[in-house]
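Please find below a briefing on a single structure, intended for a reader who meets it here for the first time.

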Amino acid sequence: MTDTMPDGAEGPLSGVLVADFSRILAGPYATMLLADLGADVVKVEGPGGDDTRSWTPPARGEVSTYYLGVNRGKRSIALDLRDEADATVARELARRADVLVENFRPGGLAKYGLDYAAVSARNPGVVYASISGFGSGAGARVPGYDLMVQAMSGLMSLTGEPDGPPYRAGISVFDVMAGNHAVIGVLAALRHRDATGRGQHVEVNLLSSALTGLVNQSSAYVAGGVVPYRMGNAHPSVFPYEPLPTADHDLIVAAANDGQFRRLCEVLGIPEVADDPRFARNAARTEHRDALRPILVERLVTRPADEWFELLVEAGIPSGPINTIDGGFAVAERFGLDPVVVVGEGERAVPTTRHPIRFSETPAGYALPPPGLDEHGAELRKWLEGGA
């Protein structure tokens, strides 16, 4: 498939053609990560475009920053699947693709001949990834939006103050998690195809991603029979592991083992506290957190957060300020992580967040800015209608 690659594209997935029939967040995030790694991603949109194109504010010019955040590195073709000519083009793209990613409601592509059974009959090597809210069984009829899954999975019951209402996370956390799981599934299936020549159907759903992503909270229920509850910013199994007040701002302090806690007490000038039987071990500290917290706060409020941060990090104690998003990028810059890259040139140049994985031999690339609707439609139709 290398003849389809945009100029300058390279990376560990160079030569892999991805037919992207997804929209909104989970699917587009997954296909953007694949594009960063060198895959040629063709974004198939309906005549009205991906819904997120109009999700404003905020916007950069007239384009939603939401759309810009998950669609770099792709080429766009607008196809009305209800039109047979356009559906034929879509089926040809699916026939040529190494990977197809879709997040229609389960079964929604069958009437266009674009479901897994139909596509794999014409393209046995295809890795076909489906992302849904609640799977393709009994939950198939339920629309899958991240907010619903945050509620239904139990995450919201864990988020907020103990005596307050449940809250959603500040991002669509399970859409992002499911997108990552889709990428893992696609890469594993490509490895299997390389070994056997056979493609397969990879299914990811937001609820399953949520339940595995709740990690220790899920295990508390599954393995321990305990239903966790909201604790604000506190941790159910570790203390201190939460924001604590200083002379000016709250500071995250995460002394997650006995050695870290002892060093914390030394930095705070209260080394004797680490020998108190109520606080000497993590389980005891967690049990007696109400007694320990004011002892720590009494010392922390004598200095500002930035001073404590430097002292604690120097002593090997995890801590950090509570930043706004701009502060998060500033920290990444300070640590040399170069969090922002620019894709495109001139008026099309768009600053975007760097791919999170570093490769020593095949770095991520940023060849194309997020495409305009049907920006590459003419060239793609010519290629797909030309036969191969």
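The points that follow treat the sheet, the helices that pack on it, and the setting of one helix in particular. The structure is a predicted model. At its centre of discussion is an open sheet of six strands with parallel pairing.

**The sheet**
- The strands of this open sheet follow the order E5-E2-E1-E6-E7-E8.
- Strand E5 (74-78) and strand E8 (200-205) each have a single partner strand and stand at the edges, so one side of each is left without a neighbour in the sheet.
- On average, neighbouring strands of the sheet are turned by 20 degrees against each other, direction ignored.
- Strand E7 (residues 127-132) runs parallel to E8 and is joined to E8 by six bridges.
- Val127 has Gln200, in E8, as its bridge partner.

**Helices against the sheet**
- Helix H1 (residues 26-36) packs on the sheet, where H1 touches strand E1 (17-21), strand E2 (40-45), E5, strand E6 (99-102) and E7.
- The direction of H1 makes about 165 degrees with that of E1.
- Helix H7 (residues 206-213) lies across E7 and E8, and H7 runs at about 65 degrees to E8.

**The surroundings of H1**
- Eleven of the eleven residues of H1 are buried, and the helix is described as mostly covered.
- Among the buried residues of H1 are Tyr29, Met32, Leu33, Leu34 and Asp36.
- The cover over these buried residues includes helix H6 (173-196) as well as E1, E2, E5, E6 and E7.
- Gly38, just after H1, takes a positive phi of about 105 degrees.

Terms used:
Residues numbered from 1 in each chain as written. Predicted model: local features only at pLDDT ≥ 70, side-chain atom pairs only at ≥ 80, totals over all residues. Heavy atoms only, no water. Pairing = 2+ DSSP bridges. Helix = DSSP H or I, 4+ residues; strand = E, 2+ residues; numbered from the N terminus. Axes fitted to C-alpha atoms, helices over the stretch in contact; angles between N-to-C directions. Contact = heavy atoms within 4.5 Å. Buried < 20%, exposed > 50% of the residue type's maximum accessible area, 1.4 Å probe, protein only.
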